[in-house]
Amino acid sequence: MGTSTERLPDAYELLDVDIDATEAQIRTAYRKKSLQLHPDKVKDVPPDVAADRFHRLTLAYEELLNPATRIRLAQELQQERERRQRRSAFDERRRAMAADLEEREERDRQARAMREQRLRERELRIVALREEGRTMRIQRHERLLNEWQAHAQQETATKSATPESPANLPAWGTLDTTVLVRFPFEQAAEMWGAIEPPESLLDTPLAVSLQDSYGPLVNVRVRTTQKKRKEISVIVVFEYGVHAWRAVHDGMQLRCTHPLLQDCWIGWSDESGKARSDIPQRIAAWMAQGVTPAQAPLTVEPVKTMPHDIAANFDYAYEARTLERMRQAAGMA
């Protein structure tokens, strides 16, 4: 058999034998292949193609019969297969890197989408808070105007129910500012702020509670008695008769709201410090007109109290104009 200088890419593949095939196996494989690929046996391909294919099969057979050529060809084949494996591994790493890159890009895209979503939600919250603040401002202005209107109506009602001038009313009596306060003996230390009454009773918790609840006091003194002391009687002189009336109105029914005065009875007092049943003439005249203790004016101009958030120098015309502008802006929005 002759030797050909033509190199075949894979003689083992042409003969369909393994790389470690013996010479006998190569001969057997060649006989089978030559019967299949001989130009005289093949009718389905052109003669020149069949001749070239058979020629290449013969060259491969001759190379594999040469031991040195078979060894060299086996080495080349092994090297080629290793190169293919390396390329395959490289391609696999490249595909893994590409997949990792795509995964990172996808995570970045999702992160950007989440940031944009949070930004949109934040903008929506800001818009909602601004709208809520605007609504609260409108509601506050409306509340202020309503309170002002209610206060004005209350002042009008009070003026209509209250005598405008004391000229037609009976004069205040000398005892119309004096009341009698009684409380259990067990509360003495709490009322005095000490075991025994101090020298000046105007600074005691009892006096402070009466002033805070009803009005300023002129004098406070303990009424002495020969009876067994189950309760203590105190004579209190208010500065104004109206304040004394308010204290008696609550105290005779044991309805004082101050915690220290809840068990106190308060009534009108006579010259000797005893409780009296008659009512001061001016108060009786007011009651006949339907005036309550809360509506009765002082002998001097009373200090007018204003509702919460309403001050004496509050500009309600400006407030009304501001509210109207806010309503117009809300309608345009």
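**Group meeting: a walk through the predicted model**

Okay, let's start at the surface. Glu 13, Asp 16, Asp 18 and Asp 20 together form a negative surface patch. Before I go on, keep in mind that what you have on the screen is a predicted model.

Let me stay with that patch for a moment. Asp 20 sits in the loop that runs between helix H1, residues 11-15, and helix H2, residues 23-37. Asp 20 has a relative accessible area of 62%, so it counts as exposed. Asp 16 is found in the loop between H1 and H2 as well, and Asp 16 is exposed too, at 60% relative accessibility. Now, there's something about the backbone here. Asp 16 isn't a glycine, and yet its phi is positive, about 60°.

While we're on phi angles, where else does a residue other than glycine have a positive value? Have a look at Leu 254, where phi is near 55°. Leu 254 is in the loop between H7 and S4. With a relative accessible area of 48%, Leu 254 is partly exposed, because the cut-off for exposed is over 50%.

Right, let's zoom out to the overall layout. The protein has 9 helices and 4 strands. If you read the elements from the N terminus on, you get α-α-α-α-β-α-α-β-β-α-β-α-α. There are 333 residues in the protein, and 29% of them count as buried.

So, on to the inside. The largest nonpolar core has 33 residues, and the ones touching the most other members are Val 179, Trp 192, Leu 210 and Val 236. Which elements give two or more residues to this core? On the strand side, we have S1 (178-184), S2 (217-222), S3 (231-238) and S4 (265-268). On the helix side, there's H5 (188-192), H6 (205-213), H7 (241-251) and H8 (281-288). H7 gives the largest share, with 5 residues.

Two more spots in that part of the chain. The first is Asp 203, in the loop between H5 and H6. Asp 203 is exposed, at a relative accessible area of 63%. From Asp 203 to Trp 192 you count 11 residues in sequence, and the C-alpha to C-alpha distance is 8.7 Å. Trp 192, remember, was one of those core residues touching the most other members.

The second is Arg 282, and you'll find it in helix H8. Is Arg 282 buried or exposed? Arg 282 is buried, with just 7% relative accessibility. Arg 282 and Val 242 are 40 residues apart in sequence, and their C-alpha atoms are 9.7 Å apart in space.

Okay, salt bridges. The count for the model is 13. I'll go through some of them.

Let's go back to helix H2. Arg 27 forms a salt bridge with Glu 23, and the closest N and O atoms are 2.9 Å apart. Both residues belong to H2, with a spacing of 4 residues, about one turn of the helix. Arg 27 is partly exposed, at 33% relative accessibility, and Glu 23 is partly exposed at 35%.

There's another pair within one helix, this time in H4, which covers residues 67-161. Here the side chains of Glu 106 and Arg 109 meet in a salt bridge, at 2.4 Å from N to O. These two are 3 residues apart, again about one turn of the helix. Glu 106 comes in at 33% relative accessibility, partly exposed, and Arg 109 is partly exposed as well, at 42%.

Now for a pair that isn't local in sequence. Arg 276 forms a salt bridge with Asp 176, with the closest N and O atoms 3.3 Å apart. Arg 276 lies in the loop between S4 and H8, while Asp 176 lies in the loop between H4 and S1, so this pair ties together parts that are 100 residues apart in sequence. And how about burial? Both Arg 276 and Asp 176 are buried.

One last stop on the salt bridges. Which residues are linked in a network? These are Glu 80, Arg 83, Arg 84 and Arg 87, linked by salt bridges.

That's my tour, from the negative patch with Asp 16 and Asp 20 to the network with Glu 80. Thanks, everyone.

Methods
Residues are numbered from 1 along each chain as its sequence is written. This is a predicted model: local features need pLDDT of at least 70, side-chain atom pairs count only at pLDDT 80 or more; totals for chains, interfaces and linings use all residues. Side-chain values use heavy atoms; hydrogens and water are left out. Patches are made of residues with over 30% relative accessible area and no salt bridge: like charges are joined within 9 Å, nonpolar side chains (Val, Leu, Ile, Met, Phe, Trp, Tyr) within 5 Å. Accessible areas come from the Shrake-Rupley method with a 1.4 Å probe; for residues, only the protein chains shown count as cover. A salt bridge is a side-chain nitrogen of Lys or Arg within 4 Å of a carboxyl oxygen of Asp or Glu. Lys and Arg count as positive and Asp and Glu as negative; His and the chain ends are not counted. The place of a charge is taken as NZ of Lys, CZ of Arg, CG of Asp or CD of Glu. Buried means under 20% relative accessible area, exposed over 50%, partly exposed in between (1.4 Å probe, protein chains only). A nonpolar core is a set of buried Ala, Val, Leu, Ile, Met, Phe, Trp, Tyr and Cys residues joined through side-chain atoms within 4.5 Å.
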